[in-house]
Structures are given as C-alpha cells and as structure tokens.
Amino acid sequence: MPVGPAEISTIHLNLRNTGFRMRTSQYLIATLRETPADAEVISHQLMLRAGLIRKLASGMYTWLPAGLRVLHKVTAIVREEMNRSGALEVSMPVVQSAELWQESGRWDKMGPELLRFVDRHERPFCLGPTHEEVITDLIRNEFNSYKQLPANFYQIQMKFRDERRPRFGIMRAREFLMKDAYSFHINQTSLEQTYQLMYQTYSNIFSRLGLDFRAVLADTGNIGGSTSHEFHVLADSGEDDIVFNSTGSYSANIELADGFIRDLDDGSADMLQSREIDTAQAHTIEALTSLLELPATRLIKTLIVKAVQSDTNPHGLMALVLRGDQELNDIKAEKLSGIVSPLTFASDDEIENVIGCKPGCLGPNNLDFPVVVDRSAEKMRNFICGANKSSTHLADANWGKDCRFDMVADIRKVKEGDLSPDGQGDLLIKRGIEVGHIFQLGTKYSQAMNASVLDENGRSVLMTMGCYGIGVSRIVAAAIEQNNDANGIIWPDAIAPFQVAIIPLNAHKSPRVTEISEQLMTDLEKAGFEVLLDDRDKKTSPGVKFADMELMGIPHRIVVSDRGLENNELEYKSRRAENAETVPLASVLEFLRARIAT
RNA sequence: CGGAGUGUAGCUCAGUCCGGUAGAGCACCGCCUUCGGGAGGCGGGGGUCGGAGGUUCGAAUCCUCUCACUCCGACCA
C-alpha cells in the first residue's frame, strides 16, 4: 500500500504524540528461522533468532532495536530503584589513566583482562573493567568531612573486560552493561546499614523484573572484605551451584556453603586391628567400593596438592582427606594456610617421588607433610585408606593408631540432602546465573589511595567503602534462560520490548480489519501500553506473523479478523497460555488492563 | 592460556577423502495465485569458497603459514 505525503505527516505526528507507534513494516524485524551455528545456549540462540543482537566480534554485540528496548527497560527499573534508595547517579569515563590503577596496585595485579593501550603521547591507559579507583579518587577530592557521609554513587555504563573466554553471547561478553555503585562511610556500622539497604534494593529490582531469583552468601574472592552476597537468577543453564534450605532461612553459593552430613560416623565403635589388603588394580573410590563390597562412606579419599615450600615442609605438599563419598571444595581448600593458590594437584611423578607409589593407593599414614582432614572423615573408625604402597590399602585403619592428621577443616562440597547449617531442613542445590553482587569492601581502596575525611574530633579517618554491581545486559540473557519455550522467548511484562502485538488478518482485503487494528493501536497506546502492530503486507502469511511475535516473546497478542469482527469480537492469547480466548471489542481495554502490569 | 573443532550466498548446510572452474533449502527482488500457523508456480539477483603463499595445465578440494570464530577447563556482573 503506497504511503502518500498526507499519511507520512500523520505518522510523524503520531510519533511525536505517543513516542511509540511501532509497525512491523517500519521496524527492524530481524528474526531468523534457523539457529546460527555458533550459538550454544538457549538465550544466545534466541537473542540472535529474535533479532535482538548481532555479533561484531567475540564477546562484542550490537543491540538491535527490539533488544535495545529490553535493555532500556531493565536499565530504567534499576535506575528507579537505585534513585529510590537515595543513591546518586554519576557517569565516569570508560577510558581510565594508568596512574590511578598504579596507585591502587591493581595495574600490576590485574592480568590481561585489563585491556591496556597508550595514547598518542605514549601515555598508558586502560578500558574500565570496574570503577573503584575512579570513584575513590573523585570522593577523596570532594569529601572532607564526616558530615558528608554516608553517600552512595552509581552509574549504568558499558564495561570492558578482556575475558579469557567470552561465551554464551551476551551472558559473558567482553563489553557489557553494568550498574556499579560505591558507598562511603565513616565506620563499619554505617556501611552495614547501606549494605542492608542495597540488599533490599536489589531484591526489589529483581522482583520488579519478574525473575525467580535468590540472594546467597558469597565468597569475597580477591576483592576481600568481610561480607558479600550474590543475586542469582535460577536457571538450569546457570554456571553456579547455589545451595539453600527448604525453609528459605539459609542460602549460599556452593563455594562457601556449609552443611551437616546426616550419616556421620560418631566415632563410638571399638578400634580394630588394621591390616593390609591387596586391592590390585582398584585405584578409584568407585572401583574399591565394588571390589570390597563396601559403601564409599567406609573409605577415605586422600588428595595431594601443592603447598608452600619451607624448612618444615621441604616437599611443598599437603594432603587433603575426605570421606570417600565426599568431594573437595577447592575454593574452601584454597583458604587453608600454606596452600598454593590457585589450588594445584601434585603430579603423578611428584607423588611417586615423595611417597613411593602412584595415586590410587594414597592414605594419611607415614606422610612427612601436613595432613588436613575434613570434618566428614575426622571421627571415622575402622576405615579403608591407601597404604602408600602399590596395589595395597589398609583396612580397619584408625586415626591415632595408623593414621594422623594435623588439622581439621571444612573443605568439602556440600551435597543435596545435607542438613542445613542452621538446623532448618534439608539443603537443595540449584543452578543460578549471577546477576548481582554486593560487597563490604572496608578500607581496601581508601587505604591504598588515601581517601579520608575528618571525624567529629578533627582526626583524619579512612573512609569505609562498599560496592554493589548488577550485570544489566546479563539480566536480559538470564531472563530468557528462565523464560522460554519451543516457540521462543516469553518476556515478563516488565521488560518485554512490546507488551501487546496486534495481528490483523487479511488486512489487504478488509478495510474494516485495517481500521479496527489502527484504532485499537491508538487506543492501547493512549492507555499506556506499548504496542507493535504487525502490518506487514499480504506476502507475509499469518503463520509467519504468529511465529515472529512468539519468537520475539511479546507477552500479549490480539488478533483482528473479519471472522471475529462479525460478532464484534477480538481474539486474545497470552504468550504463556495454551489457547486463545475471545474478547468483546468494546471491553478489550479493561481486559488488557486486568492482565498487564504497567 | 591449555585441549577439541569449524570457516563455502544473509541463515542452515552439501561439495573437500578421490583436483576439472560453485550447489540445495530458507531469506531477498518481479509477476500470478493463495490468505487463521513459517503457502504454491514461473522468472531473477547474490559467493575472488576466511586470508596469504606453494604444488599443478588446472585448487573450495592437496601442502605450508596465518587470521577469525565456537566448544571444554581455571575467573567474574
């Protein structure tokens, strides 16, 4: 249908009036029928297929119009809630000079993840992967008095991290949109108050986004500090294991999750006399359990890892001992003093040189380096362990008699079904996608960069800091991971690129269908809904329109057809519903108002 | 950074082993028909086969080098 000058000016007027007025014929519907070969996870596949993003290079993506609308919606919710919490928005440079990073010490500490380059004067710069240095520099210059505290500053901005391995599309991109906030305090108590406020703000944000999420206790990692929580969107494709109990009173990242084993040996049995047994080729726990016809809970697993070399530990090794059915948590193990970080297993050759046998028959007996035993094995009696001799194990071995340890620690990965550490119910484990992380930083950066204010006694005090991040672009991918079906994306109302799709059928034949569709779009937009009218010409069959709108995940669909209009009816279908329903033309507005959260 | 793999049309792929001068489906353009679930017919446009070098009368195909991308491991929003 040719568009004359009069119609064009009408369209422009409407654009100005409503701000929306989107028609597929004038929009970029960049849907793909087939899945691009280089996308592996569902969110990446669907973002490409639905025409939300296109790849420029590894880990770098262009956001197409529909995708950008989603990203903006997420951004708007994050911004509103941050503002509501009293945080102040700023915008810091993406390009940062090396000096600040040298001052904090991170110029040398950060690996190639920090993308460095020089300007035309050969002065070193980097692309900001995070902004602790810049904000701390700003605040040490602007703040002089405790009266200015506490304060919380945030920005929503592209970050760049030259990831070792970008993957999963937007989920782990090198360039990504992040909300980062930094708070400044006169003392720990004040920090804890703001930390609580951010915890609540994050909960509000993820609730408003319409996502199923959990806040979990987290490892503070290299950033240090005392307390940290991660916010995870639950999805089977998540990269993290998160642990929580049935009552909701405990939740933690598996990296530091605690739990009690129910069938723990209480150490009350009488000690038997140990004896050597021939275990031939059985070198694994699994092989031993079937050979000896004993459960793995009767065995002990001994792992040899690298430790710091010293006079008292000339081999530079350490033994980590767990009950046979348990697995090592390497994050916990790395925190043991004297251990080499990152955790490194000793090679077969090293083990043979020092102990005299290959892995498979190792045990905590006669070892001349430190032995750390997990609580799961601490009280075991009459257990099976390696004899440090080829093809030989010790049966009915006991601590104190046959074996020794230097220290008891929690180095085990909790398992589903363990008793919650607070005693409330069983532990469950689910996969999560980390979309937010809050930290109590303490004075790490204020100390390195000498950021202080005067307290009420006129004494100079280092500011205590907190930092709070949200992966804004990652949320888009995470939302898809959590909400999709065979036909494509299913957006929560709050972040859908459009809330309502109007599909006119046979519009080219029916002036009435065209007229009602146009009128409906106008009315819905006046009512505050965001509408996409699929007015593509007759060469685009209804099936294509249905498929595209579903792929793009538009949560509410109205079909306008002659058949329905005979009875003054429209057809409505929720993206989540199995079947469509009819709605009287006259009441469609109330109908949608009742179903769409705005 | 180690390990594995893939680069041929906008997308999905065949052709490569065995050298003979580039294909299919979808998408796109035109005309006709069709019109409530990715329509049909006829006609058409589009690729220096990732790049460079080599072998050969002749290279998408064989050899060497290179670049890019994806996946698996340790980090992070």
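Colleague: What share of the contacts in chain A with a separation of 6 or more comes from residues 24 or more positions apart?

Modeller: 68% of them. Contact here means heavy atoms within 4.5 Å. This is a predicted model: local features need pLDDT of at least 70, side-chain atom pairs count only at pLDDT 80 or more, and totals for chains, interfaces and linings use all residues. Residues are numbered from 1 along each chain as its sequence is written, chains are lettered from A and ligands numbered from 1 in the order in which they are written, and side-chain values use heavy atoms, with hydrogens and water left out.

Colleague: How much of chain A is buried?

Modeller: Buried residues are 51% of the 598 in chain A. Buried means under 20% relative accessible area, with a 1.4 Å probe and protein chains only.

Colleague: And how many helices and strands?

Modeller: Chain A has 17 helices and 31 strands. Both are DSSP runs, numbered from the N terminus: helices are H or I with at least four residues, strands are E with at least two.

Colleague: Switching to the RNA. How many residues surround strand B?

Modeller: 49 residues surround RNA strand B. The closest are Arg33, Ala37, Asn506, Ser561 and Glu571. A residue counts as near if one of its heavy atoms lies within 4 Å of the strand. Of the RNA strand B atoms that come within 4 Å of the protein, sugar and phosphate account for 50%.

Colleague: Which element gives the most to that surface near RNA strand B?

Modeller: H15, with seven residues. Helix H15 covers 542-551. Others that supply at least two residues each include strand S9 (175-185) and strand S21 (427-442).

Colleague: How do the residues of that surface divide into nonpolar, polar and charged?

Modeller: 17 are nonpolar, eleven polar and 21 charged. Asp, Glu, Lys and Arg count as charged; Ala, Val, Leu, Ile, Met, Phe, Trp, Tyr, Cys and Pro as nonpolar; the others, Gly among them, as polar.

Colleague: What does His437 sit by?

Modeller: A polar side-chain atom of His437 lies 3.2 Å from a phosphate oxygen of RNA strand B. Glu434 has a polar side-chain atom 3.0 Å from a sugar or linking oxygen of the strand. A polar backbone atom of Ala173 is 3.1 Å from a base nitrogen.

Colleague: Last topic: what is the strand order in the open sheet of four strands?

Modeller: S15-S16-S17-S20, with mixed pairing. Strands pair if DSSP finds at least two bridges between them. The edges are strand S15 (300-306) and strand S20 (407-409).

Colleague: Are S17 and S20 parallel or antiparallel?

Modeller: Parallel, over three bridges. Asp374 stands opposite Ala409 in S20.

Methods. A polar contact is a pair of N or O atoms within 3.5 Å; within protein, one must be able to donate a hydrogen and the other to accept it, and residues adjacent in sequence count only if both atoms are side-chain atoms. Buried means under 20% relative accessible area, exposed over 50%, partly exposed in between (1.4 Å probe, protein chains only).
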